[in-house]
Amino acid sequence: MAEKKIRIMVAKPGLDGHDRGARILARCFRDAGFEVIYTGCHQTPEQIAAAAIQEDVDIVGLSCLSGAHRYLFPRVVEVLKEKGAADITVIGGGIIPDQDFPRLYDAGIKAIFTPGATLEAIIDWIRTNIKPRG
Amino acid sequence: MSRRAFFNSLLEGGDWVTVYFTKNTLNQSKELSDKWEEEVRQTVARTPDQKARCSTVSDLEIKRLYTPEDIEKTDFARDIGVPGEFPFLRGNQATGYRGRYWTFRMFSGMGSAKDTNARWHMLLKEGNAGLSTAFDFPTLMGYDSDSPKARGECGRCGVAIDTLDDFRTLMEGIPMDKVTTSMTINPPATALWAMYCAAAESKGVSLAQIGGTIQNDMLKEFIAQKTFMCPPEPSVRLISDTVEFGTKYVPNWNTISISGYHIREAGSTAIQELAFTLRDGIEYVEDVIRRKGLDVDEFAPRLSFFFNAHIDFFEEICKMRAARRIWARVMRDRFHAKNPRSWWMRFHTQTAGCSLTAQQPYNNVVRTAVEALAAVLGGTQSLHTNSLDEVLCLPSDHAVEIALRTQQILAEETGVANTIDPLAGSYFVESLTNKMEEEAWAYIEKIDAMGGMVAAIEKGFPQLEIADAAYRFQQQIDAGEKTMVGVNKYANSAKQEIPVQDINPQVEEEQIARLAAVKRRRDSRAVKRDLDELKSACKTGKNVMPFCIQAVKDLATVQEICDVYREAFGEYRDPGLY
């Protein structure tokens, strides 16, 4: 039987339209052999959580460059939890100041990637930490 | 003959094409080049080049040497000429920067209207000549600060504006009859421009006296920046409304800033930026003529453009020179404009945010200086220089000051403003300018064949061309084929700490409270009547601007006006192409 692929949702929460990074990552994940769902811009945390459950993904990667990650990232984790999908891993990236890392980790974001993170490092982290659910 | 075929026929040379160099010079050049090539072959055999292939940041291959033969088909009067004359390759102004420098126009906006007003006063005091407004995301997307969609965003990426009350605070103490203001605003452009008009009137400044720019370029939003609200067709219609209103009542206003900046930031090549931007411009001109019945010369002189100054020095200079020449040809030959002012391409430039690095952020000062120099040599009319910390946060006062001083040093110390278009006639610069023009025409004709830019956007054509280019660049960075200092080369682990400008979360609370107070205070029946009238203008095709101005005077909010558009025209959703 073929090995089950990792299913990842790349999501853009909030009103930010800076999607260059998110779209490049979506392509890289596809090339790395993941199954990729890209939400497009302007999704609310509620929409992202609902779509993640609907699509039965293993992991959600959030991208935000507007500074609104402090509210939006934790809110995605919170809604997933409310809907009984706390097992979906949430990671994030974008323009995230160092001083915001602790509060994001505390809120349940499992990894944060900022400018300079290589595509390879991001893919490695996912391969190491995510086991596709059967 | 198509424009491109015509251009190619010029390059191939017809009987009537004059030759730029004498036969003797070309013979000498050929002879010496042959000798030089042999020398190069021998040298490379001993010491190979550092790279097998040299290319621009856009991956356009560059030759080792350019010679007279590369531009031998040039017709001086037709292709180069003098500043202030068709084809404006060498600039719009006959006097260049001697008459006046480019406008130092620093883009700024953060927190509340009061915070931004304070930054503006600081900038004007330090020699900034024109204002340029950054709005926060809720304002940019047509939501009020109290909308659930705005949570966490208020005042973060720019200034939060909900009503005319905020706008008046923003303009406090700013002489609106003297200072020109640019506003980076797109889907809600009609509402924010209406506020500007109303704020001016309340200071006793007439519409004929105010000057400035609204970005108001929706096509590039669908292509690249993704700040959209309604579908492309009605979005273009609202833009044509502003062009018509400006032409009739606000003669010194630039009602569109046709923008390549965001196309480039999304990862396009320089040629894609050039081609898509100019094709967007063509689309707007066609729509205004068709929908409003205006003569091209009535409104074309107020069209303005906005380009990126990326890190590849010569490519940027050539892009800007080519842009002016293509636009002049488009306006004269495609739209048969008669007024030389219609042939002008006036543009603002901003240095490339995407070229800056979060690593070793002080290096960004150097990048910005080089990019700004390219913009000046490319003949920009106004310039924003990015601050070194803009990859990390909104710029701090100190970082903004360095960025502004960069422009002042270029203008007043380096001597580059002494003479106009100093790179003209360079074999390389003219050849690359020609190449960029030729490739831009190929794209323009391809989009023409698709039925125009709206049709091309609906097919996802420009979006995917840019996505391909962005992906290719990222792969080149990851493979080390292209260098970003401090990122994939000369990286070090020692972190350079820089002060990070933060926005107090209280801004959001206070803004929501202010909005609530306005909503209680205003005459809500008047607001409802205004919005109903706006809705009916949307349906009947009447120009929306007078209705917007009335609505903002009665303190209708940005979102209330935009909700009318959403209801009348529908909402556009990101197709999520990647």
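Visitor: What radius of gyration does chain B have, set against a compact globule of 578 residues?
Guide: This is a predicted model, where local features need pLDDT of at least 70, side-chain atom pairs count only at pLDDT 80 or more, and totals for chains, interfaces and linings use all residues. Residues are numbered from 1 along each chain as its sequence is written, while chains are lettered from A and ligands numbered from 1 in the order in which they are written. The radius is taken over C-alpha atoms, and the globule rule is 2.2 Å times the number of residues to the power 0.38. A compact globule would come out near 25 Å, so chain B agrees with its 24 Å.

Visitor: What share of the residues in chain B is buried?
Guide: Buried here means that 20 or more other C-beta atoms, placed from the backbone, lie within 10 Å of the residue's own. Of the 578 residues in chain B, that makes up 49%.

Visitor: How many residues of chain B are in contact with chain A?
Guide: Two residues are in contact if their C-beta atoms, placed from the backbone, lie within 7 Å. Chain A brings 29 residues to this, and chain B brings 33.

Visitor: Which helix gives the largest share of the side of chain A that touches chain B?
Guide: Helices are DSSP runs (H or I, at least four residues), numbered from the N terminus. On that side of chain A, H1 (20-31) and H3 (69-82) each supply at least two residues. The largest share, five residues, comes from H1(A).

Technical notes:
Buried ≥ 20, exposed ≤ 12 C-beta atoms within 10 Å, placed from the backbone.
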